[in-house]
Amino acid sequence: MGELTRRELAWMDTIHRTEAKTKFFRFITEITDNCIDWYIVAALFFINPATRIITYRFFAALALEFVICHLLLKPLTKRERPFVYNGKPYLIKKRPMDKSFPSGHSAWSFCMVSVVGMAQSIWFIPILILALLVCYSRVYLNVHYPSDVAGGILLGIACGILFSIII
């Protein structure tokens with residue numbers, strides 16, 4: 001275990017968890033499992049011909065994010081999740097079986113944030129708030145380190161911006 005991991009675990013120990021907050025963040029993370037919330041948002045953008053391009057850009061960014069995150073980075077880094085090291089329970093229903101870095105939830109959330117931001121949509125702020133809640137929920141629920149989330153955010157932003165430029 002590296003120094004960064006030790007520091008992150010120490011910081012994560014300072015998070016005050018309550019039953020109500022755990023229920024709230026479990027809900028937030030569950031609506032984003034398998035990217036369902038962002039598929040719904042993308043479908044809503046698709047309905048309006050003026051915002052349909054956001055949907056195309058999002059799905060292109062999401063495809064690249066999946067390859068980089070789940071097929072390249074997670075297998076290469078092989079970073080164990082926090083609950084493996086700190087011995088505390090993961091607070092989600094199903095134990096994650098893949099590796100920790102980067103956070104896929106954070107990456108696909110910020111694919112949407114960056115695509116919507118680049119389109120200068122009025123929905124940018126609500127989508128950003130939801131994405132930030134998703135990111136924090138992953139740390140709160142003891143399934144990701146803050147650096148996993150940061151890596152996911154950067155990956156999502158890069159993929160979203162790339163496809164906002166080329167599509």
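Trainee: Hi! What gives the most to the lining of the largest pocket?

Mentor: H4 does, with six residues. Bear in mind that this is a predicted model, where local features need pLDDT of at least 70 and side-chain atom pairs pLDDT 80 or more, while totals for chains, interfaces and linings use all residues. Residues are numbered from 1 along each chain, and side-chain values use heavy atoms, without hydrogens or water.

Trainee: How much space lies in that largest pocket?

Mentor: About 560 Å³. A pocket here is an open set of points on a 1 Å grid where a 1.4 Å probe fits, with protein on both sides within 12 Å along at least five of seven lines; lining residues have an atom within 4 Å of a point. The volume is the space filled by probe spheres on those points.

Trainee: Which residues are closest to its centre?

Mentor: Asp33, Asn34, Asp98, His105 and Trp108, out of 25 that line the largest pocket. Helix H2 (19–31), helix H4 (52–77) and helix H6 (104–118) each give two or more residues to the lining. Helices are DSSP runs (H or I) of at least four residues.

Trainee: Is H6 mostly enclosed or out in the open, and how many of its residues are buried?

Mentor: Of its 15 residues, 13 are buried, so H6 is largely enclosed by the rest of the structure. Buried means under 20% relative accessible area, exposed over 50%, and partly exposed in between. Just after H6, Gln120 has a positive phi of about 55°.

Trainee: New topic: how many disulfides does the structure hold?

Mentor: Zero, with a disulfide being two cysteine sulfurs within 2.5 Å. For Cys69, the nearest cysteine sulfur is that of Cys159, 9.2 Å away. Cys69 is buried, at 0% relative accessibility.

Trainee: And why is Cys159 without a bond?

Mentor: Because the closest cysteine sulfur, in Cys111, is 5.0 Å from its own, which is too far. Cys159 counts as buried too, at 2%.

Trainee: What about aromatic pairs, how many are there?

Mentor: Eight. Rings pair if their centres lie within 6.5 Å; planes under 30 degrees apart are stacked, over 60 edge-to-face, the rest tilted. Phe25 and Tyr140 are one tilted pair, with centres 4.9 Å apart and planes at 40°. This pair links distant parts of the chain, 115 residues apart, with Phe25 in helix H2 and Tyr140 in helix H7 (residues 124–140).

Trainee: Which aromatic cluster do they belong to?

Mentor: One formed by Phe24, Phe25, Tyr136 and Tyr140. Phe25 is buried at 9% relative accessibility, and Tyr140 is buried at 0%.

Note on methods
Buried means under 20% relative accessible area, exposed over 50%, partly exposed in between (1.4 Å probe, protein chains only). Rings of Phe, Tyr and Trp (its six-membered ring) pair if their centres lie within 6.5 Å; planes under 30 degrees apart count as stacked, over 60 as edge-to-face and the rest as tilted.
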